[in-house]
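Work through the following exercises with the sequence and the coordinates side by side. Each task is followed by a solution that goes step by step.

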Amino acid sequence: MVAIKKKNLKMFTLALLFVVTITSFLLNYTHSSVMVTWDPKQIVMQLKKLMKYSQRPCSCSSCVPELGLSFWFDERFNQTIQPFLTTRNTFIPEESYKWWLKLQGEGNPKNINDTIKELFEIIPGGGEQLLERDASRCRRCAVVGNSGNLRQSQYGQDIDAHDFVLRMNRAPTAGFESDVGSKTTHHLVYPESFRDLAENVSMIVIPFKTLDLRWIVSALTSGTINFTYVPVPRKIKVKRDKVSCVCLFILLIILRKLPPQDILGTKSLGGSKEVCK
């Protein structure tokens, strides 16, 4: 019975789209001073566009998940990979994990599985809620770098007009609002680059080592870790439900292709493609 109702609803939708297209075509034909040849193929193309529009993942003029807008982008963007570390995507191949451990040479790192388990007892393990897609919305992201090229750019108002503004490390905004804006929704950091954040700002941690994950737990609870290879904040004032981590697998892919100084910027751009459409 349910299957029949769904089939009837689908047929009704197609019929309605067909009537709208025919009406639109005839109106355009009537008010045109140029002779137009009626072409069934054109009707089919219009129908396909309407059907595609009704199923679009966002209301922007173009959406990231849509295929066919850029062959270069389609070849490189894998929509199946979750960008944030969650309880469902903690697996790392052993070879990749060993390579990751060599990045900063931890002498005796704590077991990664135990560390992640402890982490998700403190922060949410379901992933960034902002990744949930809404076909009725068009999210716009501004990824703000730390380059001096922004000085005297007067981009501040344009930056703040975006739905989400991603910043990184210790980039200042006070005194530079006209150039870099004042709004921040997400801030990407690692322990050594942490800065105090406003109460409504989400913190995204880039874990370069196991100790970085342990620091999150410590900084939100006991405050026992205050040194990695340099002094780090013993405790931080961030709401636990606003803390997330970049997926280690994603980080490994980026690290193997880019020099360390480009990691945060690249991940910020990647995150904006996921959050915004």
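**Exercise 1.** Characterise the contacts, burial and exposed surface of the protein chain, keeping in mind that the model is predicted.

*Solution.* Begin with the contacts in the protein chain between residues at least 6 apart in sequence, of which 58% join residues at least 24 apart. Turn next to burial: of the 277 residues in the protein chain, 40% are buried. Finally, take the surface, where the protein chain exposes about 17,100 Å² and carbon and sulfur atoms supply 56% of that area.

**Exercise 2.** Describe the secondary structure and the arrangement of the strands in the sheet, and explain why β1 and β5 each have one side without a neighbour there.

*Solution.* The protein chain contains ten helices and five strands. An open sheet of five strands runs in the order β1-β2-β3-β4-β5, and its pairing is parallel. Because β1 (141–143) and β5 (243–245) stand at the edges, each with a single partner strand, one side of each is left without a neighbour in the sheet. Neighbouring strands of this sheet are turned against each other by 20 degrees on average, direction ignored. For a detailed view, take β1 and strand β2 (residues 164–168), which pair in the parallel sense over three bridges; here V143 stands opposite L166 in β2.

**Exercise 3.** Find the salt bridge between K239 and E199, and work out which parts of the chain it ties together.

*Solution.* The side chains of K239 and E199 meet in a salt bridge with an N to O distance of 3.4 Å. K239 lies in the loop between α8 (210–220) and β5, while E199 lies in the loop between β3 (186–189) and β4 (202–205), so the pair ties together parts that are 40 residues apart in sequence. As to accessibility, K239 is partly exposed with a relative accessible area of 40%, whereas E199, at 60%, is exposed.

**Exercise 4.** Establish how many salt bridges are counted, and set the surroundings of the K110 pair beside those of the K209 pair.

*Solution.* The count comes to five salt bridges. One of them joins the side chains of E118 and K110 at 3.0 Å, N to O. E118 has 30% relative accessibility and counts as partly exposed, and K110, with a relative accessible area of 35%, is partly exposed as well. In another salt bridge, the side chains of K209 and D212 meet at 2.7 Å, N to O. Both K209 and D212 are buried, that is, under 20% relative accessible area. The last step is to look beyond the pair, since E192, K209 and D212 are linked in a network of salt bridges.

Notes
Residues numbered from 1 in each chain as written. Predicted model: local features only at pLDDT ≥ 70, side-chain atom pairs only at ≥ 80, totals over all residues. Heavy atoms only, no water. Helix = DSSP H or I, 4+ residues; strand = E, 2+ residues; numbered from the N terminus. Buried < 20%, exposed > 50% of the residue type's maximum accessible area, 1.4 Å probe, protein only. Contact = heavy atoms within 4.5 Å. Areas by Shrake-Rupley, 256 points an atom, 1.4 Å probe, with all protein chains shown as cover. Pairing = 2+ DSSP bridges. Axes fitted to C-alpha atoms, helices over the stretch in contact; angles between N-to-C directions. Salt bridge = Lys/Arg side-chain N within 4 Å of Asp/Glu carboxyl O.
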